[in-house]
Amino acid sequence: MIRSSVTIAVAELKIAYRNQWVVTAVALMTLFGLILAFAGSAPAGTLGVDRLTLTVSSLATLCVYLVPLIALLLSYDGFAGEAERGSLPLLFTYPASRFALLAGKYLAQLVILAIAVFAGFGITAGVVWSVDGGSSDGFALLFRLQWSATLLGAGFLALGAALSAASRQTGTAASLAIAVWLLAVVMYDVGLLGAVVADDGGTFTKSVFPWLLLANPTDAFRLFVLQAVDATVPGTGPQAAVQMLDVPAFVPVAIMTAWVIVFLALALASLRRAEG
Amino acid sequence: MNPAVRIDHVTKRYGAIAAVDGVSLNLAAGETLALLGPNGAGKSTLIKMILGLTDPSDGNIEVLGSPPGSHAARQSAAYLPENVIFHKSLTGHEQLTMFARLKGQPKASVQHLLERVALAEAMHARIGTYSKGMRQKLGLAQVLLGQPKIAILDEPTSGLDPLSREMFYRMISELAGAGCAVLLSSHALTELEARTDRIAILRRGKLVACDRLSALRAAAGLPVRLRVEIRNGQADDVASKLGGQRVNGQAVELVCEARDKVARLADVTRLGRTVADIDVVPPSLEDVYRYYSAAQNEGKTS
Ligand SMILES: Nc1ncnc2c1ncn2[C@@H]1O[C@H](COP(=O)(O)OP(=O)(O)OP(=O)(O)O)[C@@H](O)[C@H]1O
Ligand SMILES: [Mg+2]
């Protein structure tokens, strides 16, 4: 089982490396990170926090959009592509279990995503710190951002695997992935905020809304990172709403982990049902 | 001895149509069986059920005594799908190494196999650069991994040049010689003739024939052709004497039932030196196939 998964993962990594996926993902993360670090944030010192901390908290907002997108792009083709090429039925006739196939592909994608997050944001933070000097307090926060962003991505990799295993064509899987990204990442918060406005400070706003917000791993992630940031860093929009919630740190982590487990289970179920 | 594959009254329905309809068939170890039938007859569907890729709607299949798709069955079965495209970014060697690992075979066997299917030169090139035939050879190489007990090949020779087909059938007979049960579907009738033990013909999901070619020929009662070459331009003369058909100035063709063949040959030899040569042409597999694929002849043999 482990042997089969490693075999699949090695092949997937080779393919991703040859297709420049690893380089592209790292470059994308670094590029957006640097743009945000130097163009977006307020000048250091004005708020009493160092530049690195400021950068990391704006990277958190970037992650909310970029990490799920990259995760879905990495995973949507995994099974649908093999089904379309006809190599999936062949793999199914090999002694490796379907769980082992899923684990192998998922592991490889997770490695690529982790490389992108750690290298991309590591480079960004390194540049910011060397330009700005200042205190290195932000590095602990950076690490918190890196591993929780990887966990966030892991949930969307699992979601992408589930979509991919349920589709027979890459085209279908790709459109599903885009729809999911728009819904979960872009529309969800907007929709909830709309409801809050309509509710006008009623019970929905006070007791239901924060938890609905938190059920989405992107908001759980944002909360988890910002919990660690000095309260003087101003939050806006959903960010502020999430900060209102006074939940222990394990809650957002548990929510992100739940996404990984639930969608991997769904992916496995589809894969077991899949016919050649 | 138990058959390697036992197919017992198997039906597969897709909505209203029965892609496979009440098929029973056994495949013995060391036997090579060709599965024939027109497009859409249900060959690939039957193959997928044997491999456990899809479940029968009805009936039962056993592969070496285990259910299709079970770990035990997968351990000893090899498959070549109808249309498979491997990942174009991997090299042939890398792809086959992946398959070898999944089958628990040593990496050392990979190189040897690639040499056997004549892919040695291209093995470190990316599969994206392979021709169709080269990809098919790579597919064949993965069939040979780890001495399978059952090999299921869906149109294995499509895209192969004549010499590669030769090589393929040599490999199949080696596999069968080692006790592997081979089932192959094909549309290339002429090349199958001398290379399979039994022929099974599917028509609209039903098994309309399954036997040795000679038995199918006899049961079908297809005529034998005698082609007689005549000296000195006496073809017309001979044709009227023997009741045959003049083909050209030098040849006459006689058509007779298989059981009259010897008597007709005697008629011809009685002509003495007028006859330059005789060819006896038994009904080809193509004739047999055409006969069984025609609607009215369904189910004339067991
Ligand atoms: N997944 C499916 N869903 C619906 N119908 C199917 C499916 N697979 C096969 N069929 C139908 O079953 C019938 C048999 O198809 P199958 O692929 O087994 O034919 P075949 O004998 O392999 O043909 P060919 O020589 O063209 O490869 C066809 O009518 C086909 O449309
Ligand atoms: Mg077919």
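**Exercise 1.** In this predicted model, determine how far an oxygen atom of ligand 1 lies from an N or O atom in the side chain of B:Ser44, and then look for further contacts of this kind.

*Solution.* Begin with B:Ser44, where an N or O atom of the side chain is 2.7 Å from an oxygen atom of ligand 1. Continue with B:Glu82, which places a polar side-chain atom 2.5 Å from an oxygen atom of the ligand. Finally, take B:Glu155, whose side chain has an N or O atom 3.5 Å from an oxygen atom of ligand 1. As for coverage, ligand 1 on its own has 650 Å² of accessible area, and the protein covers 61% of that.

**Exercise 2.** Describe the shell around ligand 1 by its residues, their classes and the elements that supply them.

*Solution.* Start from the 14 residues that surround the ligand, with B:Gly40, B:Lys43, B:Ser44, B:Thr45 and B:Glu82 as the closest. Sorted by class, the shell holds 5 nonpolar, 6 polar and 3 charged residues. Next, assign elements: in chain B, β2 (17–27) and α1 (43–50) each give two or more residues, and α1(B) gives the most, with 3 residues.

**Exercise 3.** Locate the nonpolar surface patch that includes A:Met1, and explain why A:Met1 is classed as partly exposed.

*Solution.* The patch is formed by A:Met1, A:Ile2, A:Val6, A:Val10 and A:Phe99, which together have about 470 Å² of accessible area. Its largest share, 3 residues, comes from helix α1 (residues 2–18) of chain A, whereas A:Met1 sits in the segment before α1 of that chain. A:Met1 is partly exposed because its relative accessible area is 48%, and this class lies between the limits of 20% and 50%.

Technical notes:
Residues numbered from 1 in each chain as written. Chains lettered and ligands numbered in written order. Predicted model: local features only at pLDDT ≥ 70, side-chain atom pairs only at ≥ 80, totals over all residues. Heavy atoms only, no water. Patch = residues over 30% accessible without salt bridge, like charges linked within 9 Å, V, L, I, M, F, W, Y side chains within 5 Å. Areas by Shrake-Rupley, 256 points an atom, 1.4 Å probe, with all protein chains shown as cover. Salt bridge = Lys/Arg side-chain N within 4 Å of Asp/Glu carboxyl O. Helix = DSSP H or I, 4+ residues; strand = E, 2+ residues; numbered from the N terminus. Buried < 20%, exposed > 50% of the residue type's maximum accessible area, 1.4 Å probe, protein only. Near = heavy atom within 4 Å. Polar contact = N/O pair within 3.5 Å; in protein donor to acceptor, adjacent residues only side chain to side chain. Nonpolar A, V, L, I, M, F, W, Y, C, P; charged D, E, K, R; others polar.
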